[in-house]
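Here's a quick tour of one pocket and a few charged pairs. Have the structure open while you read.

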Amino acid sequence: MGILKDRKKWDSFKMFLYILPFLAMVLIFSYYPLYGWVYAFFDYRPPKSLAKCAFVGFKWFRSLVSNPVKVQQIVQVLENTFAMSGLTLGTSWLPMLFAVFLNEIRSVKFRKFVQTVTTLPNFISWVLVYSIAFCLFNSTGMMNSFLMNIGWIKEPVLFLQSTNHVWFTQWLWLTWKNLGWAAIMYIAAISGIDEEMYEAARVDGASRFQIINFITLPSLLPTYFVLLMLNIANFLSNGMEQYYVFQNAFNKDYIQVLDLYVYNLAMGSGSYSVSVALSMLKSVISVILLFFANGMSKLIRGESIL
Amino acid sequence: MICYIIFTICAVLCVYPFYYVFINTISANDLSARGKILFWPQGIHFHNYVSALRVDGLALAAEVSVARTVIGTVLTVSVAAFLGYMFTQENMWHRKLWYRMIVATMYFNAGIIPWYLTMRNLHLTNNFWGYILPAVVSPFYIILTKTFVESIPKALPEAAQLDGASVLQIFTRIMLPVMQPILATVAIFSAVGQWNAFQDTLLLMTDTKLYSLQFILYQYLNQASSLSSMANNSSSSSLANAVATTQTATSIRMTITIIVVIPIMLVYPIFQRYFVKGIMIGAVKG
């Protein structure tokens, strides 16, 4: 009996040993970088090793709020981050609307075609998006040729170097890339709605608009809510890739979001320690936002989003 | 009716940019340079593609991109399959703890600079494995495979167990073949991710031999953009020369763009069958 029990214990432990190498990789690549936060408390200058650098305590954190130049930069960066995330958050219902109206299309072929084609931009990288943007909007690109042909403009317009409407154009590119993909979630949810509900509504003489309003939209709200909460949790994390490829000397002031600023600080001007301090604050606030969003979800829907 | 118009516009907005770049790569370069090619190709030729292949570093970058896509995908899929299966083994020692430890990494992030410093300490900068190793254990894919395994009837592995098969034997002989649809989904997600990755090259690699296609493309874009802004700022007499070089840069840039897009376009039809399934499983993760 005892042998059998030991055998079972060993089996259970052996399975743990199988996955141990992979747990080690997670520790190295996801948890160990957290140790890098100590750089925020040193005056780290790259060629030197950390051990040879001076410990400065909270100096860099204080500089984030006391150094006037830095404060001005950070205010601008936060403004950009809030504007871009705000635009995304404020239009987060767009994919839902897209899916609802796509579902109104009777022709299955056309519907499938639209769905296929609008999802495509999601699968190309930001570098490619920028490359295509460049081909279309540079001084000899499609947009300028077209506008000059119809006589609206005489000189080519440098769209990508423009400092006007940077937030809006970045939002447009993001929407161009994501809208179709984001709608898929809702399209799948719509196909899961019980057909009998629609039948019943039609028998009762409901109009198409009433059906959308009282059946489709309410069934999609839970999905929308979860995605909205995740959006809130990611409010500070726009990612840097999009803004990195689109940035240039002209639009830099309006395009630098937090993630990009953190990168530019370290890799551009070599201020590793300040950069780490800032990204550390960002990570902590992001986790708080996540718990807030999760709490909201539990409070309103009684379900966790994690 | 209005719906049809709006969605046709959406579709055109998504297709036309690709089409525009493509017809310009196969049209006469002087017409293309003057912006004459808007709706259909004129003076069709394929020299742009021939000369693009001679561009410095492009062939090597293509090799790097293909290698990281193939090796990265194979490893990521294998590990996702194995861990997804292992995490359904209820009598594993502290199973829930380890599972949570992996899933938790989806929700926090040390930030790119600490990550970069870590990679440097591990000597994974300027090292091909810097592309592969960080992506091997991916929590999202593991959630997908685990959810899939949980949906498979328990009778199947139990019967094998009664016949005396070990956990590993059950995995390789029975579960792997059954898991094939979800593994296809993971493979395609992972391959597209590897192919499109740009940030890791930017952060980790300074050795030009390790540049990926995406990174090379970005470099060409930037060279061209500085050229064109130079041309726009300088006086008109010195302009002719600069404009000529800008134009060849433009045709090369468009051609490379198409070369980098083509693999995505090729897997896309296969992809489509799987990704809806993929995100739906992801949505009900447990």
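What follows looks at a pocket, then a helix, then some salt bridges.

## The second largest pocket

Keep in mind that this is a predicted model. Its second largest pocket has a volume of about 980 Å³. Some 33 residues line that pocket, and those nearest its centre are Phe137(A), Leu172(A), Trp173(A), Trp176(A) and Leu13(B).

Which helices supply the lining? Each of these gives at least two residues: α4 (94–103), α6 (126–137), α7 (142–149) and α8 (166–191) from chain A, plus α1 (2–25) from chain B. The largest share, ten residues, belongs to α8(A). As for chemistry, the lining of the second largest pocket splits into 24 nonpolar residues, nine polar ones and no charged ones.

## A kinked helix

Helix α8(A) is worth a look of its own. There's a kink of about 45 degrees in it, centred on Asn178(A). What about the end-to-end span of α8(A)? With 26 residues at 1.5 Å each, the helix should span 38 Å, and its end C-alpha atoms sit 37 Å apart, so the two values agree.

## Salt bridges within one helix

Counted over all chains, there are six salt bridges. One of them joins Arg202(A) to Glu199(A), with 3.7 Å between the closest N and O atoms. These two are about one helical turn from each other because they're three residues apart in helix α9 (residues 195–203) of chain A. Arg202(A) counts as partly exposed at 45% relative accessibility, and Glu199(A) is also partly exposed, at 40%.

Chain B has a pair of this kind too: Glu150(B) with Lys146(B), whose closest N and O atoms are 3.0 Å apart. Both sit in helix α8 (residues 139–151) of chain B, four residues apart, or about one turn. Residues spaced three or four places along an α-helix point the same way, because there are 3.6 residues a turn. Here the burial is mixed: Glu150(B) is partly exposed with a relative accessible area of 42%, while Lys146(B) is buried at 8%.

## A salt bridge between two helices

Asp259(A) and Lys282(A) form a salt bridge through their side chains, at 2.6 Å from N to O. This pair links distant parts of the chain, 23 residues apart: Asp259(A) belongs to helix α13 (residues 258–268) of chain A, and Lys282(A) to helix α14 (residues 272–301) of chain A.

Are these two partners buried or exposed? Asp259(A) has a relative accessible area of 14%, so it's buried. Lys282(A), at 13% relative accessibility, counts as buried as well.

Technical notes: Residues numbered from 1 in each chain as written. Chains lettered and ligands numbered in written order. Predicted model: local features only at pLDDT ≥ 70, side-chain atom pairs only at ≥ 80, totals over all residues. Heavy atoms only, no water. 1 Å grid on protein atoms, 1.4 Å probe; cavity = no way out; pocket = protein on both sides within 12 Å on 5 of 7 lines; lining within 4 Å. Points joined across faces, edges and corners; volume = space filled by probe spheres on them. Nonpolar A, V, L, I, M, F, W, Y, C, P; charged D, E, K, R; others polar. Expected span 1.5 Å × (residues − 1). Bend = angle between axes of the 7 residues up to and from the residue. Salt bridge = Lys/Arg side-chain N within 4 Å of Asp/Glu carboxyl O. Buried < 20%, exposed > 50% of the residue type's maximum accessible area, 1.4 Å probe, protein only.
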